[in-house]
Amino acid sequence: IRREYQNQGYGKQAVTAILYGWAPRLIRDQYWVNMRNDDCAPGPLKVIHATARNDNPYSIRILDGVGMKSGEPEWLMGALRTHYQITVDELLDRKISRVP
């Protein structure tokens, strides 16, 4: 997101739309993922992964705020990044319990 539009909630809106709008539809409609991925076998959506640079507090705050759990950091693409994930069960449980 361009600097002049940062810290206005757009990143959180985008991630929230993917996690709580698009992903549940994939699950409901029984779409398979990883259809063209040599590293993962095709199948139903089970886990959503993300990474955030450790020097980017805004991305970290977004991923923490939408319910993703942080994991191990690693050097990736020239920077230290932390892995985040949320399982389908966690996603659906959180979607049901979310307050509008």
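In the predicted model, strands β4 and β5 (residues 79-87) are paired in the antiparallel sense, with six bridges between them. Within this pairing, P73 has T82 of β5 as its bridge partner, and L76 is bridged to A79 of β5. The two strands form a hairpin in which two residues separate β4 from β5. One residue of the turn, M77, has a positive phi of about 55°.

The hairpin strands belong to an open sheet of three strands, ordered β3-β5-β4 and paired antiparallel. Strands β3 (47-53) and β4 (69-76) form the edges, each pairing on one side only. From one strand to the next, the twist averages 30°. Helix α2 (residues 57-65) packs on the sheet and touches β3 and β5. The direction of α2 makes an angle of about 155° with that of β3.

With regard to aromatic contacts, one aromatic pair is found in the structure. The pair consists of Y5 and Y10, whose ring centres are 6.5 Å apart. The ring planes of Y5 and Y10 lie at 65°, so the arrangement is edge-to-face, the cut-off for this class being over 60 degrees. Both members of the pair were also assessed for solvent accessibility. Y5 has a relative accessible area of 43% and is partly exposed. Y10, at 40% relative accessibility, is likewise counted as partly exposed. The partly exposed class covers values between the limit for buried residues, under 20%, and that for exposed residues, over 50%.

Key:
Residues are numbered from 1 along each chain as its sequence is written. This is a predicted model: local features need pLDDT of at least 70, side-chain atom pairs count only at pLDDT 80 or more; totals for chains, interfaces and linings use all residues. Side-chain values use heavy atoms; hydrogens and water are left out. Two strands pair if DSSP finds at least two bridges between them. Helices (H or I, at least four residues) and strands (E, at least two) are DSSP runs, numbered from the N terminus. Axes are lines fitted to C-alpha atoms, for helices over the stretch in contact, and angles run from 0 to 180 degrees between N-to-C directions. Contact means heavy atoms within 4.5 Å. Rings of Phe, Tyr and Trp (its six-membered ring) pair if their centres lie within 6.5 Å; planes under 30 degrees apart count as stacked, over 60 as edge-to-face and the rest as tilted. Buried means under 20% relative accessible area, exposed over 50%, partly exposed in between (1.4 Å probe, protein chains only).
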